[in-house]
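Visitor: I'd like a close look at one part of this model: the charged side-chain pairs. Could you take me through them one by one, with enough of the surroundings to place them?

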Amino acid sequence: MKKIASILKNKEIMNRILFTILILFVFRIGAQITVPGVTLGEDLNNYLNNSYALSLMNLLGGGTLQSFSIFALGVSPYITAQIIVELLSTDVLPALTELKRQGQSGRKKIELATRYLTLMLGAVQAYGIIQTMKTSDAISFQMASQEWLTYIYIIVVMMAGSMVVMWLGDRISVKGIGNGISMIIFAGIVCSLPSQIGNAWSLWVSNVALQGQDSARIAGIFKFILYILAYLLIIAFVTFIELSKRKIPVQHSGKGGGQTQSMARASFLPIKINSAGVIPVIFASSILMAPSVIVAFVDASHSNDAWLNIFQTSKMVDMGGWSMPWGLIIYIILTIAFTFFYANIQINPEQLAENFQKNGSYIPGIHTGNETERYVRKVLNRVTFLGAIALALIAALPPVLTLTVFKDNPSLAIGGTGLIIVVGVALEVNNQIDGLLAGKSFDEVVASGGR
């Protein structure tokens with residue numbers, strides 16, 4: 001309560017919160033506007049629920065794909081472009097690597113390149129989605145005199161919507177609370193939770209109550225309670241993973257000017273168990289979705305071919321007498337691999353060891369240079385192993401539940417990926433508010449001390 005009172009009294013924080021709410025309100029309005037000329041099919045929601053890649057894209061877009069709105073692409077092309085540029089900046093393209101080392105000016109050029117790549121990826125993604133969903137009768141649209149004009153029109157509308165969403169996210173980052181892109185994704189996921197819980201209540205409690213059977217009603221209530229408890233347990237587990245970290249003690253040579261030994265002991269290098277966040281899940285899903293997009297480009301009539309089921313995470317596929325969820329297996333392997341890869345990009349042991357050497361910092365008992373790099377890499381890989389397994393389990397939860405518990409109601413499958421995003425953004429916003437409150441308190445202390 002004390003923290004809430006402090007927030008309400010802080011004019012800057014309240015202005016940021018109100019501005020964020022206003023932008024999210026604008027986003028939610030746009031998310032309900034269907035692309036003009038497009039008619040939604042009756043089985044659109046079932047189609048999205050049965051395709052994990054499109055379901056995840058719908059999740060990241062804040063539910064915009066289920067209404068095929070002008071914001072249907074959401075921030076997915078931008079996120080994918082960011083990942084690709086980040087990967088290419090790791091000594092793959094020397095030009096990008098050089099820009100990354102140029103500080104603020106280099107980052108601006110990289111951001112511009114990311115936005116250009118976003119446009120290209122957005123066009124490809126939009127065409128693939130249109131073709132795939134149209135072939136599956138999930139959507140239909142009125143053709144112009146020439147079919148290619150209709151496609152160009154819809155693609156341009158979707159790309160423009162994606163650019164508007166990016167701009168709204170930028171506004172939140174500058175004038176609001178939290179990271180803008182993350183907040184838009186957060187808002188979409190949170191908006192879908194009441195509907196999902198409401199569906200569970202209707203299925204297990206309301207519909208059963210109409211039948212008038214006491215035993216069935218009690219069983220339904222028990223199922224619903226277990227469902228809510230499962231949600232809470234997953235949130236607690238995700239929060240634990242997000243907050244868990246390995247602290248490597250760091251000391252300094254004393255060149256910085258009078259740092260005491262107690263201050264040196266207080267310094268540490270934190271390595272999060274899940275330092276890669278939800279990026280590996282997004283990238284793994286993008287790769288699984290790529291074959292469908294490519295087939296839609298080459299020949300849309302083959303978009304529903306049986307071999308594409310190999311890349312569906314929630315389908316059993318028979319290969320040589322072995323009926324296995326091959327798509328789910330590939331998805332888990334890709335998630336684990338990208339977790340290690342992205343963690344080593346986020347915390348570059350080689351660059352870290354170089355910075356330690358330049359700044360006169362060292363890890364007690366470890367020589368500077370190559371030995372520090374090897375030590376940090378070993379600790380990072382050990383910690384990331386736990387994070388990769390946890391992330392893969394959480395990400396695989398919706399497809400597994402779809403294959404087992406919720407075969408007839410895939411929309412009820414608890415979304416572990418969504419909860420990772422929600423918990424991560426909530427913790428980030430909380431930390432930012434704490435920082436703003438601490439800054440205000442510090443200003444007040446300084447002002448009172450100067451009198």
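**Salt bridges and their setting**

Guide: Let's start with the outside: the accessible surface of the chain comes to about 23,300 Å², and carbon and sulfur atoms account for 63% of that. Keep in mind that this is a predicted model. The chain has 451 residues, 44% of them buried, and its secondary structure runs to 16 helices and eight strands. If you take the contacts between residues at least 6 apart in sequence, 71% of them join residues at least 24 apart.

Now to your pairs. Side chains of opposite charge can pair when their charged atoms come close. The structure holds six salt bridges, and I'll go through some of them.

Take Arg115 and Asp170, whose side chains meet with 2.8 Å from N to O. Arg115 belongs to helix α7 (residues 104-135) and Asp170 to helix α8 (residues 147-175), so this pair links distant parts of the chain, 55 residues apart. How exposed are the two partners? Arg115 has 25% relative accessibility, so it counts as partly exposed. Asp170 is also at 25%, and is therefore partly exposed. The pair has company, too: Glu111 is linked with Arg115 and Asp170 in a network of salt bridges.

Next, look at Lys272 and Glu242, where the closest N and O atoms are 3.7 Å apart. Here a strand meets a helix: Lys272 lies in β5 (residues 268-272) and Glu242 in α10 (residues 214-243), so the bridge ties together parts that are 30 residues apart in sequence. Lys272 comes out as partly exposed because its relative accessible area is 31%. Glu242 has a relative accessible area of 11%, and since buried means under 20%, Glu242 is buried.

For a local pair, go to helix α14 (residues 349-359), which holds both Lys358 and Glu354. They sit four residues apart, about one turn of the helix, and their side chains form a salt bridge at 3.2 Å, N to O. Lys358 counts as exposed because its relative accessible area is 61%. Glu354 is at 40%, so it is partly exposed.

What about the nonpolar side of the picture? In soluble globular proteins, nonpolar side chains tend to be buried together. The largest nonpolar core in this chain has 59 residues, and the members touching the most others are Ile83, Ile184, Ile185, Tyr331 and Ile433. Helix α16 (residues 416-449) supplies the largest share of this core, with ten residues. A second, separate core has 26 residues, among them Val38, Tyr47, Met57 and Met159.

Ile184 also leads back to the neighbourhood of your first pair. Leaving aside neighbours within four places in sequence, Ile184 is in contact with Leu24, Phe27, Val165, Leu168, Gly169 and Ile172. Helix α8, where Asp170 sits, covers residues 147-175.

One backbone detail before we finish: Phe68 has a positive phi of about 45°, although it is not a glycine. Phe68 is in the loop between α4 (52-60) and α5 (76-88), and it counts as buried because its relative accessibility is 0%.

Note on methods
Residues numbered from 1 in each chain as written. Predicted model: local features only at pLDDT ≥ 70, side-chain atom pairs only at ≥ 80, totals over all residues. Heavy atoms only, no water. Helix = DSSP H or I, 4+ residues; strand = E, 2+ residues; numbered from the N terminus. Buried < 20%, exposed > 50% of the residue type's maximum accessible area, 1.4 Å probe, protein only. Contact = heavy atoms within 4.5 Å. Areas by Shrake-Rupley, 256 points an atom, 1.4 Å probe, with all protein chains shown as cover. Core = buried A, V, L, I, M, F, W, Y, C linked by side-chain atoms within 4.5 Å. Salt bridge = Lys/Arg side-chain N within 4 Å of Asp/Glu carboxyl O.
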